[in-house]
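User: I have a structure open and have not looked at it before. Can you walk me through it?

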Amino acid sequence: MNRKLTIYAAAQQGEQEHHPFDPKDAKLVIAYLIVAFAALLIGGIAGLLQTMVKSGSIKLPYGMGYYELLTAHGVLMAIVFTTFFIIGFIYSGVSHTLGGKLLPSVSRAGWLGFALMTAGTALGVAMVLTGKASVLYTFYAPMKASPYFYIGLALLVVGSWVSGWGLFYQLKFWKKTHTGKISPLFAFMGVITFLMWQIATLGVAAEVLIQLIPWSFGWVETINVMLSRTLFWYFGHPLVYFWLMPAYMCWYVVIPKIIGGKIYSDALARLAFILLLLFSIPVGFHHQLMEPGISPFWKYLQVVLTFMVVVPSLMTAFSLFATFELYGRARGAKGLFGWFKMLPWKDVRFFAPFMGMLIFIPAGAGGLINASNQMNAVVHNTLWVTGHFHLTVATSVALTFFGITYWLIPTVTGRVLTPKMNKLGIVQTILWCVGMFLMSGAMHLVGLFGAPRRTAYTTYESNPDALSWMPYYVFMAVGGTVLFIGVLLMVYNVVALLMAPKGKTAYPIGETMENAEATPAYLERWGVWISLSAILILIAYTIPLMDMMMNPGAGSRGFVTW
């Protein structure tokens, strides 16, 4: 280790909780957050217009297409908003817990990743909004977008890799300077999250670079559709856990500190994240249960692995509610649910993430239905799936991210959350829950009646079944309108937080209960867990992928349907 880094490490020892956040690191974090919420705003506008068109309430002006809006909404909300926010959030926590400051090389990696991701986002969104990439969030072949849309996606992914490499290096350096110590829980979770992301995005990177870009440029005439979709869903389902794991980080590590309690078990939290790493990737076939070109055995295997992901989710629920109950009991709560009243319901930093936790219960139940072969046959490609998606990422994840924002921006900028902004945050959370209840509830119900997803307004020539769906579409539009008001209020709150009064806001990292079991060292044996993850992926995917490549079929030329 060179002398400069040794001096740097020595200077960063000690507790950082009450120290000001490093100004250079703050600029990096805020840059990611600004792009994230800009994407939320533009994506929210597209989503509002979508619901209005779907219900027949408005007609789009000439030159603007429904499927452009659908693509922009999905890409901006599900990929851009989430990825930028997650990187900014995890960089902030790693800076705080691993020395109080990012290493110079890590900071450069963060800025380089930001530049690549922003350039990729701008290029991709420009292609969508100019009508050259209306291929939806899943960008399924054989629908063919402009090659520059796919290049934008590639830049976004590569930029996220660079940012992740910076996080890995920060932890590696910390371990060298803290020999024999268990890494801070937040940093461990952040690195696991990005490790999973790096492995999962190999699938979409291969699809984009090897298949979609050459095909969209016309260098090859046809594309192997089954292989393309399989590579997408190798990435597409772990993407859900890339959204959820930072929310879990907040629930496990931050919320106990905010309420004044303790983390129930450091070891249990680490084990849950390791299980998420192992079981969140080799499960993509449960999104392809209706695909005819995949053997039932491999579908069955991946469905079993999908249900294994329930285990760390249940561990998380147990740990969180144990924390809440022990906190309440310590303050004199009586009866079976007396502790429930002790929670700080008027604090938006708790209230928003807690509502996300509660809504994750029906969201998770819906996921079990989607992953079950027989029940999936009922809801596949209906609005039920869209409703489920909006409960998971657009509610559980989004509300948690909003709750994080109310303390993260004041912490890194040296400001405070005022009572007025806290009340506005409570109002925004309630609006979001009401809007999502109306919109997602209508989606779930009309999906059970067979209403398809991914379609613009149509009565199918006044078919009686299609006409019976229209009242639900109106409820979706009403819910979408309430949600858009929530988006506007959230963006206003972000601007207000950036301009809030100066003050000191501590970074809320919880402490583990004194009587908790010690964390075993084997939980940090990275080589073991990465190897196990690779083995599970090879078992689940090697033979099916070989079959798809050796028996590719006729292939398909590209289609532009807009």
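Analyst: We can go from the overall fold to single residues, bearing in mind that this is a predicted model.

User: Fine. How many helices and strands are there in the chain?

Analyst: The protein chain has 17 helices and 0 strands. Its radius of gyration is 23 Å, close to the 24 Å that the globule rule gives for 562 residues, so the chain is as compact as a globular protein of that length. Along the principal axes, the C-alpha atoms fill a box of roughly 65 × 50 × 45 Å.

User: What share of the residues is buried?

Analyst: Of the 562 residues, 60% count as buried. The chain exposes about 22,700 Å², and carbon and sulfur atoms supply 70% of that area.

User: And the contacts, what share of them joins residues at least 24 apart?

Analyst: Among contacts between residues at least 6 apart in sequence, 84% join residues at least 24 apart.

User: What about the core? Which residues have the most contacts inside the largest one?

Analyst: Those are Phe-89, Phe-149, Tyr-150 and Phe-324, in a nonpolar core of 189 residues. Helix 7 (residues 225-259) gives the largest share of this core, with 26 residues. Another core, of 5 residues, lies apart from it, and includes Val-53, Tyr-66, Leu-70 and Ala-456.

User: Take Phe-324, then. What is it in contact with?

Analyst: Leaving out neighbours within four places in sequence, Phe-324 contacts Ile-255, Ile-259, Trp-339, Leu-343, Phe-350, Phe-354 and Met-357.

User: Switching to charges. How many salt bridges does the structure hold?

Analyst: There are 7 salt bridges. One of them pairs Lys-175 with Glu-524, with the closest N and O atoms 2.7 Å apart. Lys-175 is in helix 5 (residues 147-177) and Glu-524 is in the loop between helix 16 (464-498) and helix 17 (526-550), so this pair ties together parts that are 349 residues apart in sequence.

User: Is Glu-524 buried or exposed?

Analyst: Glu-524 counts as buried, because its relative accessibility is 10% and the cut-off is under 20%. Its partner Lys-175 is partly exposed, at 29%.

User: Which others are there?

Analyst: Glu-291 and Arg-229 meet in a salt bridge at 3.3 Å, N to O. Glu-291 is in the loop between helix 8 (266-279) and helix 9 (296-308), while Arg-229 is in helix 7, so these two tie together parts that are 62 residues apart in sequence. Asp-347 and Arg-349 also form a salt bridge, at 2.7 Å. Asp-347 is buried at 15% relative accessibility, whereas Arg-349 is partly exposed at 24%. In addition, salt bridges that share partners join Lys-175, Asp-266, Arg-270 and Glu-524 into one network.

User: Which side chain of opposite charge is nearest to Glu-207?

Analyst: That is Arg-229, 8.1 Å away; Glu-207 is buried yet has no salt bridge. Glu-207 sits in helix 6 (residues 185-217). Not counting residues up to four places away in sequence, Glu-207 touches Phe-139, Leu-212, Ser-228, Leu-231 and Phe-232.

User: Last one: where is His-444?

Analyst: His-444 is in helix 15 (residues 419-448). It is buried, with a relative accessible area of 14%. Beyond its neighbours within four places in sequence, His-444 is in contact with Leu-383, Trp-384, Gly-387, His-388 and Leu-391.

User: How far apart are the C-alpha atoms of His-444 and Ile-535?

Analyst: They are separated by 36 Å, and the two residues are 91 apart along the chain.

Methods
Residues numbered from 1 in each chain as written. Predicted model: local features only at pLDDT ≥ 70, side-chain atom pairs only at ≥ 80, totals over all residues. Heavy atoms only, no water. Helix = DSSP H or I, 4+ residues; strand = E, 2+ residues; numbered from the N terminus. Buried < 20%, exposed > 50% of the residue type's maximum accessible area, 1.4 Å probe, protein only. Lys, Arg positive; Asp, Glu negative; His and termini not counted. Salt bridge = Lys/Arg side-chain N within 4 Å of Asp/Glu carboxyl O. Contact = heavy atoms within 4.5 Å. Core = buried A, V, L, I, M, F, W, Y, C linked by side-chain atoms within 4.5 Å. Rg over C-alpha atoms; globule rule 2.2 N^0.38 Å. Areas by Shrake-Rupley, 256 points an atom, 1.4 Å probe, with all protein chains shown as cover.
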